[in-house]
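Here's a quick briefing to read with the structure open beside you. It goes topic by topic, so feel free to jump around.

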Amino acid sequence: MAKKPSYEELEKKAKKLQGEVIELKRAAKALHESHDYLENLFNYANALMIVWDPKGRITRFNHAFENMTGITADEVIGQKLDGLFPEASRDESLGKIARTLEGEYWESVEIPILRKDGDIRVALWNSANIYAENDTTLSATIAQGVDITERKRVEETLRESEERYRLLAENVTDIIWIMDMNLQFTYISPSITKMTDYSVEEVMNLTLADGFTPASIEAARSVLAEELAMETKEKTDPLRTRTLELEGFRKDGSKIWTEAKMTFLRDQTGRAAGIFGVSRDICRRKRTEEALRESEKLYRGILETAPDSITITRVNDGRYLQVNESFCQMSGYLREEVLGRTPFDLNLFANPGDRERFIKTLKKKREVNGFEVQYRKKDGTTIDTLLSARPLEYGKEECLVAVATDVTKFKRAQDALRESEEKYRLLVENASDAIFIIQDQKVKFPNPKAIEIGQNLAIDLERVLFLNYIHPEDRQMVIERHSKRLKGEKVPDTYSFRLMNRGGEELWAELNAVLIKWEGKPATLNFLRDITLQQKLEAQIQQIRRLEALGTLAGGIAHDFNNLLMGIQGRTSLMMMNSDFCQVHYEDLKGIEDIVKSGVDLTKQLLGFGRKGKYEARPTNLSKLVRTSSQMFARTKKEIKIHAKYQKDIWAAEVDMGQIEQVLLNLYVNAWQAMPGGGELYLQTENVTFDESYANTYEVKPGRYVKISVTDTGVGMDAATKERIFEPFFTTKEMGRGMGLGLASAYGIVKNHQGILNVYSEKGEGTTFNIYFPACGKKIIDEKKPFEGIIRGTENVLLVDDEDIIVDIGKKNLEKLGYKVTTARNGKEAVELYKKNHGNIDIVVLDMIMPEMGGGETYDKLKGIDPDVKVILSSGYSIEGQASEILKRGCDGFIQKPFRMKQLSRKIKEVLEKE
């Protein structure tokens, strides 16, 4: 027969059950409050929200959706979604719904919605599927949308308006154009093609020198200068126009005259911001005018108006009988200085041999055409000419008429062209990018860089089809874009793809291509750049940013968890300080404190990963820290042989010693787990300096750094593992062997110290972790061990925190320590209390993260009331970031949640005794 329990045993069980009931009620209340919060968040969100079950039946929607559609919940809840869509697009919309039930997600999907009054609204939707706890059974689909009906209507109106003006501009026979104030086209109508054979795109890329003669360009610039000068004068007509005749070029090089009527385009302030013009072809009118001028020239005398030098000499003695003005200008002689004299008298031939060859040719062929002669001018300078001569009867005498064309500028232009071609050849041959032409799918005219890339890919560029060395997964895309470009279709000018050699190795390349004519056939001119390193760096930066996002989430979780631990720790401390405390429960309460400590260690890991875990940084000798931590590790892991090499005169680095010790121990443990049968662990410290290019790769500042290397001879890692080792909760160990926070925490701590953490590893070749911390240039400070006991006091404390449990427990604990405590639930309340009672308040314990008025703003207002106010900041986050900024403004101290009463008592006494 079982022994009947005693009254004391029954009483203990009753108290235990009573405590469990209280906890259950508290949990139920929290769950209820969470449910109400989420319900309100759903119902009153500005975005449209609707939920349907796996059978496509509406289960709920929010007020925003109800306001848009005019439909109430009673009308459609439990019904199919069909009635929400207009008939014309219903099947398409239901198809999209069906695909969500198959696991597809919407991202910015437009779906028309039918309002109750028959109006149709258009919304932009995103969706997400909700699964049961087994993660495979679909429970519901939720869609969130934004009403874009009005935006769509405005866009349609704008399109219609733009279409009308576009049709007007594109169908007039005259050319409508717009230039900016630098005389660069910003718009030109399609009629330009009919007039010049240039396409709009080609004209937009032409310079003024390509499109117009120098004289016309000069005339246009002169008119623009005059008009701009008039802009500075008062009472100038802003709508005035100017008309100008300009001579330009067609695509085939022939010239064309146009008449341009122009006016300024003005911005909102009335300032000239561009030029609007209408041009028309006046070639026929110009030809008529030219014919008239030619007729006048004929009457004035062909000789005098000829642009080339024309002379008439007697054959028998070679004396000049007539010279035109062009000859005088070309030679520098006056007409009276030339007539009656010979070219020999004037020493006209710069090279005597030219004169002899000219006479010999003339006697043999009776005429000379295009003979190159260098003339010496009156001033002694020389010019290059092309000389043609024929016999002529002049005044009943046998004469010779000679036409000389000054080709000095042409010759110089030819020389300049040759120099220009040489420059371009040097540019192409020495370019760091591969430059080549593709025609008939083959590479032609490759520059040395293109040949080098081909050699690296083990391919003969001029024999193997260009497409053969493009990665198979990218080949179709490149083929399509190349084909469209050859057809003149619009495709991106620049895009990236992968090349691949015969060994399967990949090379990322960026290609810029333009359509050209090569040897009379379509081709593309291509500029190809190796961006393999750039791709790797971008991938590395994306990984860093992804880890930073995860770190933000981890830091938030740790902050909230620290507040919960604070409540547990506070109640435990309160019970242990109670004079009626029963020693029977001492071990249990110590066990609770140990569990809280484990929770604190976990939040430190999370805060470390979240880059919010640098508590008290001080100048530190990292060689000493590595030596101390490795010796401690070596005592527990005898199978690991440690080799150390430390830099002499190591630079000081400003770090949190506890956090960096945590990083090192995590790396030691990681190395030990990678060497299950024992192995070698190599440790090294050294001073290094980063230049700007290396620092930019890791988004840190250039300068002096202290490097720590941890190398093991273990199993190593493959590429896939290396990419994920710094993610929280990622682990290669079996279940129960670790949470996967060690390396994630190490990464966060190092980044929070503005440092770098790199890993190098190959499968079967071991692993090396390199850590870099900025050198600080300060004197190294040795850490002092704090006093461990509880310090009591009698002062007045204002305790400020938005968490009820922390306020309640903190008040009771502080009162147990002898303090008089006033509490405030938020920053605004704290400021009001302090304003009324600051003469009776000795110190403020202030939470840093609070709604409405945070710790920083609260501190500033308290400081404004009393410049000598003593404040201790308290937070579930670390001292870094916002807290450190407040401390720099004069705040007296900081304490990390969760804290024990002995910690708080020491911190209060420390601040109160501070001068």
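What follows covers confidence, the two nonpolar cores, one helix, two hairpins and a pair of buried polar residues.

This is a predicted model, and the chain averages a pLDDT of 79, with 76% of its residues at 70 or more. Its largest nonpolar core has 32 residues, and a second, separate core has 24.

**Confidence**

- Two stretches call for some care: pLDDT stays under 50 over residues 608-614, and also over residues 733-740.
- The model gives residues 608-614 a set of 36 contacts beyond four places in sequence, while residues 733-740 have 10 such contacts.
- Where pLDDT is low, the predicted coordinates shouldn't be read in detail.

**The largest core**

- Which residues touch the most other members of this core? They are Leu622, Ile660, Tyr668, Leu681, Ile708, Ile771 and Phe773.
- Helices H20 (622-636), H21 (657-674) and H24 (742-752) each give two or more residues to this core, and so do strands S23 (653-655), S24 (679-690), S25 (703-712), S26 (756-761) and S27.
- H21 gives the most, with 6 residues.
- Take isoleucine 708 as a way in: beyond four places in sequence, its contacts are Leu622, Val626, Leu664, Gln684, Thr685, Phe769, Asn770, Ile771 and Phe773.
- In soluble globular proteins, nonpolar side chains tend to be buried together.

**Helix H21**

- The 18 residues of H21 should span 26 Å at 1.5 Å a residue, and the C-alpha atoms at its ends are indeed 26 Å apart, so the two values agree.
- Its buried residues are Gln659, Ile660, Gln662, Val663, Leu664, Asn666, Leu667, Tyr668, Ala671 and Ala674.
- An α-helix has 3.6 residues a turn, so residues three or four places apart point the same way.
- At the start of H21, aspartate 656 has a side-chain oxygen within 3.0 Å of the backbone nitrogen of glutamine 659.

**Asparagine 770, a buried polar residue**

- Asparagine 770 sits in strand S27 (residues 767-774).
- Buried or exposed? Asparagine 770 has a relative accessible area of 7%, so it counts as buried.
- Its side chain makes a polar contact of 2.7 Å with the side chain of serine 709.
- Setting aside neighbours within four places in sequence, asparagine 770 is in contact with Lys707, Ile708, Ser709, Ile756, Leu757, Asn758 and Tyr760.

**Strand S6 and its partners**

- S6 (residues 175-179) is mostly covered, with 4 of its 5 residues buried.
- S6 pairs antiparallel with strand S10 (residues 272-281) over 5 bridges, and one of the bridge pairs is isoleucine 178 with phenylalanine 276.
- S6 also pairs antiparallel with strand S7 (residues 185-188), this time over 3 bridges; here methionine 179 stands opposite phenylalanine 185.
- S6 and S7 make a hairpin with 5 residues between them, and leucine 183 in the turn has a positive phi of about 60°.
- The second core includes Trp177, Met179, Met195 and Phe264.

**Serine 279, another buried polar residue**

- Serine 279 lies in strand S10, and its relative accessibility is 9%, so it counts as buried.
- What joins the side chains of serine 279 and tryptophan 177? A polar contact of 2.7 Å does.
- Not counting residues up to four places away in sequence, serine 279 touches Asp174, Ile175, Trp177, Met195, Thr258, Glu259 and Ala260.

**Strand S11, covered on both faces**

- In S11 (residues 309-314), 6 of the 6 residues are buried, so the strand is largely enclosed by the rest of the structure.
- Ser309, Thr311 and Thr313 are buried on one side of S11, and Ile310, Ile312 and Arg314 are buried on the other.
- In a regular strand, side chains alternate between the two faces of the sheet.
- S11 pairs antiparallel with strand S15 (residues 397-406) over 6 bridges, with serine 309 bridged to alanine 404.
- S11 and strand S12 (residues 320-323) also run antiparallel, joined by 3 bridges, and threonine 313 has tyrosine 320 as its bridge partner there.
- The hairpin of S11 and S12 has 5 residues between its strands, and glycine 318 takes a positive phi near 75°.

How values were computed: Residues numbered from 1 in each chain as written. Predicted model: local features only at pLDDT ≥ 70, side-chain atom pairs only at ≥ 80, totals over all residues. Heavy atoms only, no water. Buried < 20%, exposed > 50% of the residue type's maximum accessible area, 1.4 Å probe, protein only. Polar contact = N/O pair within 3.5 Å; in protein donor to acceptor, adjacent residues only side chain to side chain. Contact = heavy atoms within 4.5 Å. Core = buried A, V, L, I, M, F, W, Y, C linked by side-chain atoms within 4.5 Å. Expected span 1.5 Å × (residues − 1). Pairing = 2+ DSSP bridges. pLDDT = per-residue confidence, 0-100.
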